[in-house]
Amino acid sequence: MKNCPFCHNSPFRKNKLGYYQCDGCGLVIDEKMRLDTLQLDKIKDAYFEDSFTVEKDKWAQFFDGLNTSRVLKTISSFQNGGKKLLEIGIGHGDFLNGAKKQGFDVTGCETSKTIASYVQKKYGVEVFNGYVEDFPKEREFDVIVLRHVLEHMPDPINSMKKIVSLLKDKGVLYIAVPNIGSFNASFKGWVAYEPYHLFYYSDKALASLTGLFGLNIRKKETYEPFSGFFLTFLKTLRSAPTQT
Ligand SMILES: [Zn+2]
């Protein structure tokens with residue numbers, strides 16, 4: 001690959017850990033992106049299909065609850081009260097459930113059939129089973145949440161195009177990804193180097209990607225929850241209707 005899909009004019013070079021990284025924005029594209037869709041799906045299924053339907057222990061539930069409150073608090077500080085919320089990639093469904101409890105009208109979008117039906121039943125929330133690209137296009141949301149999802153998406157530009165089209169004017173998009181620019185990422189043992197991650201984002205790479213869609217970054221922060229992850233949270237506010 002010669003040019004970066006996000007910032008366009010910089011070459012990719014192998015970094016000291018052997019990953020291909022953009023000189024301009026720091027985006028890392030994993031070697032696995034050379035695999036075809038079927039192979040990528042197999043990797044994903046091997047790691048996610050059933051593990052997300054196992055009950056978490058009390059500690060994990062407790063920290064998840066704290067995380068959910070923190071994320072919802074941040075989101076609420078940037079929007080004017082619209083309650084329609086879409087989460088893409090729903091994990092165990094705890095975030096959707098937490099948002100529902102705080103009065104949001106929640107919908108999930110989830111590629112795994114097992115997880116989608118598990119969460120739908122457990123929490124009584126609406127979950128669309130499929131890729132966001134196939135999500136009904138007439139729907140619109142005040143808030144869209146992607147927590148540790150973007151790094152799994154094989155075609156982030158195309159996915160973002162759809163996501164932004166589902167976002168209302170002045171809606172809030174909340175993105176959390178592992179931060180390739182973090183100190184920990186310079187070590188081979190960084191917890192986010194996972195077999196199922198396809199891209200690694202720096203804050204500049206996220207800014208380049210969201211910038212392609214006319215999104216304004218209102219807040220970004222690096223955060224270390226108790227699990228030991230360094231995360232970059234980026235929040236964007238849609239400023240103008242996006243021409244697609
Ligand atoms: Zn770049």
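The following exchange works through a predicted model of one protein chain.

Trainee: What makes up the chain, in helices and strands?
Mentor: The protein chain has 6 helices and 11 strands. Of its 244 residues, 35% are buried.

Trainee: What makes N67 in α2 count as buried?
Mentor: The cut-off is 20 or more other C-beta atoms within 10 Å of a residue's own. N67 is buried, and L72 and I75 are too, so each of them meets that cut-off.

Trainee: How do you know which way the buried residues of α2 point?
Mentor: Look down the axis of α2. The buried residues fall within an arc of 130°, so they line one face of the helix.

Trainee: What lies on the face turned away?
Mentor: That face of α2 carries the exposed residues K58, W59, F62, L66, S69 and K73. Exposed takes 12 or fewer C-beta atoms within 10 Å.

Trainee: What do the buried residues of α2 pack against?
Mentor: They pack against α3 (94-101), β7 (141-147) and β8.

Trainee: How do you know what span to expect for α2?
Mentor: Helix α2 covers residues 58-76, which is 19 residues. Take 1.5 Å times one less than that number. The expected span is 27 Å, and α2 reaches 27 Å from its first C-alpha to its last. The two values are close.

Trainee: Why is the set around L27 called a nonpolar core?
Mentor: Membership takes buried residues of kinds such as Leu, Ile and Tyr, joined through C-beta atoms within 7 Å. L27, I144 and Y201 are members, so they fit that rule. This largest core holds 55 residues, and those three touch the most other members. Strand β8 (residues 167-178) gives the most to this core, with 7 residues.

Trainee: Which residues does I144 contact beyond four places in sequence?
Mentor: They are L86, I88, I163, L166, L167, G171 and L173. Contact means C-beta atoms within 7 Å, so each of these lies within 7 Å of I144 by that count.

Trainee: What makes β1 and β9 edge strands?
Mentor: Each pairs on one side only. Their open sheet runs β1-β2-β3-β9, with antiparallel pairing.

Trainee: How do you know that β3 and β9 pair?
Mentor: Pairing needs at least two bridges. Strands β3 (residues 28-29) and β9 have 2 bridges, so they qualify. V28 stands opposite Y200 in β9.

Trainee: Why is the unit of β5, α4 and β6 called right-handed?
Mentor: Point the strands away from you. Right-handed means the path from the first strand over the helix to the second runs clockwise. The unit of β5, helix α4 (residues 113-123) and β6 is right-handed, so its path runs clockwise in that view. Strands β5 and β6 pair in the parallel sense over 4 bridges.

Technical notes: Residues are numbered from 1 along each chain as its sequence is written. This is a predicted model: local features need pLDDT of at least 70, side-chain atom pairs count only at pLDDT 80 or more; totals for chains, interfaces and linings use all residues. Two residues are in contact if their C-beta atoms, placed from the backbone, lie within 7 Å. The arc is that of the directions from the helix axis to the C-beta atoms.
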